[in-house]
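Student: Please choose one part of this model and take me through it slowly, from the part itself out to whatever it touches. I would like to see how one piece of a chain can be read residue by residue.

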Amino acid sequence: MIKSPSYSIMFPLLGIIIMVLVVFGQAPDSVIKAWTETSDWVLSQRQAPPNVYYDEHYLCTVAAGGHRRVVKPIRKGVRHGHEVIVNRQLCIANAFEEVIQEKTPRFHKALRNFYDKYGFPIAKLIRKKWQADIVYIIMKPLEWIFLLVLYSTDVHPENRIVVQYMGKTKSSKL
């Protein structure tokens, strides 16, 4: 009959591992750090690829897939039942669309038709992170205009921006 190792052996073994680590100049918690500071890749310094749906339908969503230091993703969100990467620009654009839809539905419909006609084909051409970075930068002036409209028409614009892509409000496609 095979016996399982006793828990009384664990503490001396842990002590020996810590002493060996200290002798070789490692911090005593380096084994734990190596385990906890890696993403999904065991003992790796790289971050695992995001396990989210890459929604390539619209420019702001594509731009959220650029380099982290450029597009500054803030969280994951929900779009059409899938997780997507969300940055502030995407939230602002979606909040802007909500305001336009509420205040001027006809203008919203014309804007949406235009954007669906031209935005989707352009977004399909964006395949690399640097291309998404360029779209993000090109969209910056529009983001500022969207913010101006939001701050001039909404009582609590930041609240509207924050709730975008939470999965509980009306979702749009910007």
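Tutor: What follows stays with one helix and its partners, and then turns to two other helices for contrast.

This is a predicted model, in which local features need pLDDT of at least 70 and side-chain atom pairs count only at pLDDT 80 or more, while totals for chains, interfaces and linings use all residues. Residues are numbered from 1 along each chain as its sequence is written, and side-chain values use heavy atoms, with hydrogens and water left out.

The part to look at is helix α5, residues 88-103 (helices are DSSP runs of H or I with at least four residues, numbered from the N terminus). The end C-alpha atoms of α5 are 22 Å apart, and this agrees with the 22 Å that its 16 residues should span at 1.5 Å a residue (the expected span is 1.5 Å times one less than the number of residues).

The next thing to ask is how α5 sits among its surroundings, and here the count is clear: 12 of its 16 residues are buried, so the helix is largely enclosed by the rest of the structure (buried is under 20% relative accessible area, exposed over 50%, partly exposed in between, with a 1.4 Å probe and protein chains only). If you follow the buried residues of α5 along the chain, you meet Gln89, Leu90, Cys91, Ile92, Ala93, Asn94, Ala95, Phe96, Glu97, Glu98, Val99 and Ile100. Two of the residues in that list, Phe96 and Glu98, deserve a closer look.

We can begin with the ring of Phe96, for which a rule on ring pairs is needed: rings of Phe, Tyr and Trp (its six-membered ring) pair if their centres lie within 6.5 Å, and planes under 30 degrees apart count as stacked, over 60 as edge-to-face and the rest as tilted. By this rule there are 2 aromatic pairs. In one of them, the rings of Phe96 and Phe146 have centres 4.1 Å apart and planes at 15 degrees, so the pair is stacked. Since Phe96 belongs to α5 and Phe146 to helix α7 (residues 129-153), the pair ties together parts that are 50 residues apart in sequence. Both of these phenylalanines are buried.

The other pair, Phe114 with Tyr118, is tilted, with 4.8 Å from centre to centre and 50 degrees between the planes. Phe114 and Tyr118 are 4 residues apart in helix α6 (residues 105-125), a separation of about one helical turn. Here Phe114 is exposed at 52% relative accessible area, and Tyr118 is partly exposed at 40%. Helix α6 itself has 21 residues and reaches 30 Å from its first C-alpha to its last, close to the 30 Å expected for it. The buried residues of α6 are His108, Arg112, Tyr115, Gly119 and Ala123.

Now return to α5 and its charged side chains. Side chains of opposite charge can pair when their charged atoms come close. The structure holds 7 salt bridges (a side-chain nitrogen of Lys or Arg within 4 Å of a carboxyl oxygen of Asp or Glu). In one of them Glu98 is joined to Arg160, with the closest N and O atoms 3.0 Å apart. This pair links distant parts of the chain, since Glu98 lies in α5 and Arg160 in helix α8 (residues 157-162), 62 residues apart. Glu98 counts as buried at 11% relative accessibility, and Arg160 counts as buried at 15%.

Arg160 also meets the side chain of Glu102 in a salt bridge of 3.1 Å, N to O. Again distant parts are linked, with Arg160 in α8 and Glu102 in α5, 58 residues apart. Glu102, however, is partly exposed, at 44% relative accessible area. Taken together with Asp154, the residues Glu98, Glu102 and Arg160 are linked in a network of salt bridges.

For contrast, consider a salt bridge within α7, the helix that holds Phe146. Lys140 pairs with Glu143, the closest N and O atoms being 2.8 Å apart, and both residues lie in α7, 3 residues apart, about one turn of the helix. Lys140 is partly exposed at 22% relative accessible area, whereas Glu143 is buried at 6%.

To return to the part we chose, α5 is largely enclosed, with 12 of its 16 residues buried; Phe96 ties it to α7, and both Glu98 and Glu102 link it to Arg160 in α8.
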